[in-house]
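Colleague: I'm new to reading protein models, and I'd like some help. Could we go through one together?

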Amino acid sequence: STCIIGVETCFIGNSCLKMTSFKAQVDSGTLFTFLPGHVYESIAEEFDKKLNASRATFKDTPWEYCYAFQKTTAFCLAIEPAKGNMGTIGCKFTYFLWQILIYYSYNILVYE
């Protein structure tokens, strides 16, 4: 079966990003997460502003937002822009998504 969710708003830290609502298919068989272009840009730019690290370029990686902290420590924001208006939340983010949904479900049950 297919699970499609509606994402209302995206946050990076305490920053609520405007115009970042979209629909996404949750797919545990897809390794990475793909976001609609406008959402991808908003998230990546805000992430870049908040991160205290130097941007880096790595050969043969599809990711645009990579950072180097020291000579031996680096990472990339492993999301990519999607073609079209629908995103895909891959298995790397699926675990965290389910934890969030369980948290909200728990809070809703507590307050009912």
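**Reading the sheet and the helix**

Modeller: Sure, let's begin with an open sheet: three strands in the order 6-7-8, paired antiparallel. Its edge strands are strand 6 (54–56) and strand 8 (74–76), and each of them pairs on one side only. This is a predicted model, so local features need pLDDT of at least 70 and side-chain atom pairs 80 or more, while totals for chains, interfaces and linings use all residues. Residues are numbered from 1 along each chain as its sequence is written, and side-chain values use heavy atoms, leaving out hydrogens and water.

Colleague: How do strands pair, and what counts as a strand or a pair?

Modeller: Strands of a sheet pair through backbone hydrogen bonds, parallel or antiparallel. Strands (E, at least two residues) and helices (H or I, at least four) are DSSP runs numbered from the N terminus, and two strands pair if DSSP finds at least two bridges between them. Here, strand 6 and strand 7 (residues 66–68) pair antiparallel over three bridges. Across that pairing, Arg 55 stands opposite Tyr 67 in strand 7.

Colleague: Which residues of helix 1 are buried?

Modeller: Buried means under 20% relative accessible area, exposed over 50%, and partly exposed in between (1.4 Å probe, protein chains only). In helix 1, that gives Val 39, Tyr 40, Ile 43, Ala 44 and Glu 46. Seen down the axis, these buried residues fall within an arc of 165°, so they line one face of the helix; the arc is that of the directions from the helix axis to the C-beta atoms. Their cover includes strand 2 (10–12), strand 3 (15–17) and strand 9 (79–82), where contact means heavy atoms within 4.5 Å.

Colleague: Why does Glu 46 count as buried, and what does it touch?

Modeller: Glu 46 lies in helix 1 (residues 37–50) and counts as buried because its relative accessibility is 13%. Leaving aside residues up to four places away in sequence, Glu 46 touches Ile 12, Ser 15 and Leu 17. The C-alpha atoms of Glu 46 and Gly 13 are separated by 9.3 Å, though these residues are 33 apart along the chain.
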